[in-house]
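Q: I have just opened this model and would like some help reading it. Could we go through it together, one feature at a time?

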Amino acid sequence: MPWVALVTVWILWGSTYLGIRYAIETIPPLLQAGVRFLVAGLLMLAVVGPRHARGAERPTWPHLRSAAIIGGLLLVGGNGLVSLGEQHLDSGLAALIVATVPVWMVLINAMVTRTRVSGPVLLALVMGTVGIGVLVGGPGGEVNVGAAVMILIACVLWAAGSIYARTAPLPRHPLVVAALEMITAGLALLVLAALRGEFGRFEPADISLASWLGLTWLVFAGSIVAFSAYMYVNSALPNDTVATYAYVNPVIAVLLGAAIARESIGPNVYLGGAIIVASVVLIVATRGRGPKPAPTPNDTAQPTPTPTREPARMPRPTEEPTGDMPADDTSAEAEPTR
C-alpha cells in the first residue's frame, strides 16, 4: 500500500503542471490559483478542523501569521508565478525548471545558517544552472526567457518560504497547517487577481470544459488527495525512497505534456532536463538519510515544513515540491503546502 501511495504522489503531483495549463486556457492565471487553493483549503479545514483545530489545538495569531507568510511565499509567489509563467511555457518545461527547487533550498539554507556548501552540493547547483541555460537557450526549441525567469523566481521564493517554515510557529497537525496556508494564499491570490484586472476580463460562461476539468483536478487530485498520500508515504517509507518524487515528478510532467497536450520535446528539453534531473538526484543522494524533499510550487497546495518541537509534525522534504523540500541540515528540502 505505501508504494501505491508513492506512485500516486508521483503521478498526481507530476500532473499538476498539465492541470494548470488547461485551467488557465480560459480562466485567468491568478484567479485560477486563488480559487484552487481557497476551495482546497476550506474543504481540508472542514474535514480536519473539528478534531485538530479546536480547544488547546486552536490556531493562535502567531500560527495564522506564519501560515500567511509561508502561504504567501510558497503558493502566491511560488505557484502564482508558475501559473503566470505557464501562459508562455509548456507545462513540461515549467516542471523541469521547478525541479531545481531542492538545489536552491540547499544554497539558501547555507546562506541563512552560514554553513559551508559541500562539493557535491556546489556541483548540483552548477548543474542545475547549466540545465536551465540549456532549456532556455539550447538547440531545438524557442523558449520565452521572461516566463522562464518568472518560474525561476518562483523556485527561489518557494525555497525561501520553506526555510522560514522550519522555525515558524505553526499548528501541530500538518493538515491544519496546509489548510491555513492554502486559505490565506487563496485570498491573497484573489486580491492580486483583482488588482491585475482579471475579474474584469473573466466570463464564467466562457470557461471551457478542459479548464473546468483542469481546475477540479488541481483542487481535489493535486491538492487534497496527493498531499494526503504524501503524508502517508512520508510515515511509511524510508526517506530516500520518498525523496524520489523530487526527480520523478518533472519526468511525469514532461511525459504527460507530450502525450496529452502534444507539447514538443526538442533536444533542449532532453539535454537540459537530463542535467536538471541529475542535479536533483545528486542533491537527494547527498542528503543520505536526511529529511525528505518536499513538494514544489506546483505540487498541491503543498504543505510546508513544520516546527521541530513536535515529532509527528509535517515532514521536511527538500522542497520545493507541491507539492511540496527542506531539511534540518544543509540538504535540499522543502515541504508541501503545494
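**A guided reading**

A: Happily! Let us begin with Ile 97, which lies in helix 4 (residues 91-98). This is a predicted model, in which local features need pLDDT of at least 70 and side-chain atom pairs count only at pLDDT 80 or more, while totals for chains, interfaces and linings use all residues. Residues are numbered from 1 along each chain as its sequence is written, and side-chain values use heavy atoms, with hydrogens and water left out.

Q: How are helices defined here, and how many helices and strands does the chain have?

A: Helices (H or I, at least four residues) and strands (E, at least two) are DSSP runs, numbered from the N terminus. This chain comes to 12 helices and zero strands. Along the sequence, the pattern reads α-α-α-α-α-α-α-α-α-α-α-α.

Q: Is Ile 97 buried or exposed?

A: Buried means under 20% relative accessible area, exposed over 50%, and partly exposed in between (1.4 Å probe, protein chains only). Ile 97 has a relative accessible area of 0%, so this residue is buried. Across the chain, 59% of the 338 residues count as buried.

Q: Which residues does Ile 97 touch?

A: Contact means heavy atoms within 4.5 Å. Leaving aside residues up to four places away in sequence, Ile 97 touches Leu 89, Ile 132, Leu 135, Ala 148, Ile 151, Leu 152 and Cys 155. Take Ile 151 from that list: Ile 97 and Ile 151 are 54 residues apart in sequence, with 7.0 Å from C-alpha to C-alpha.

Q: What does the side chain of Arg 166 join in a polar contact?

A: A polar contact is a pair of N or O atoms within 3.5 Å; within protein, one must be able to donate a hydrogen and the other to accept it, and residues adjacent in sequence count only if both atoms are side-chain atoms. Here the side chains of Arg 166 and Asn 109 are joined by a polar contact of 2.3 Å. Arg 166 sits in helix 7 (residues 145-167) and is buried, at a relative accessible area of 9%.

Q: Where are Arg 114 and Arg 262?

A: Arg 114 is in the loop between helix 5 (101-113) and helix 6 (119-137). Its relative accessible area is 80%, so Arg 114 is exposed. Phi of Arg 114 is positive, near 55 degrees, in a residue other than glycine. Arg 262 belongs to the loop between helix 11 and helix 12 (267-287), and counts as exposed at 68% relative accessibility. Arg 262 is not a glycine, yet has a positive phi of about 60 degrees.

Q: How do I find empty space, and which residues line the largest pocket?

A: Rolling a probe the size of a water molecule over the atoms shows where empty space is left. On a 1 Å grid over the protein atoms alone, a pocket is an open set of points where a 1.4 Å probe fits, with protein on both sides within 12 Å along at least five of seven lines; lining residues have an atom within 4 Å of a point. The lining of the largest pocket includes Ser 15, Tyr 22, Trp 217 and Ile 260. Helix 1 (2-23), helix 9 (209-236) and helix 11 (245-260) each give two or more residues to this lining.

Q: What else can I look at in helix 11?

A: Try Val 248, which has its place there and counts as buried at 18% relative accessibility. Val 248 and Trp 13 are 235 residues apart along the chain, and their C-alpha atoms are separated by 9.7 Å.
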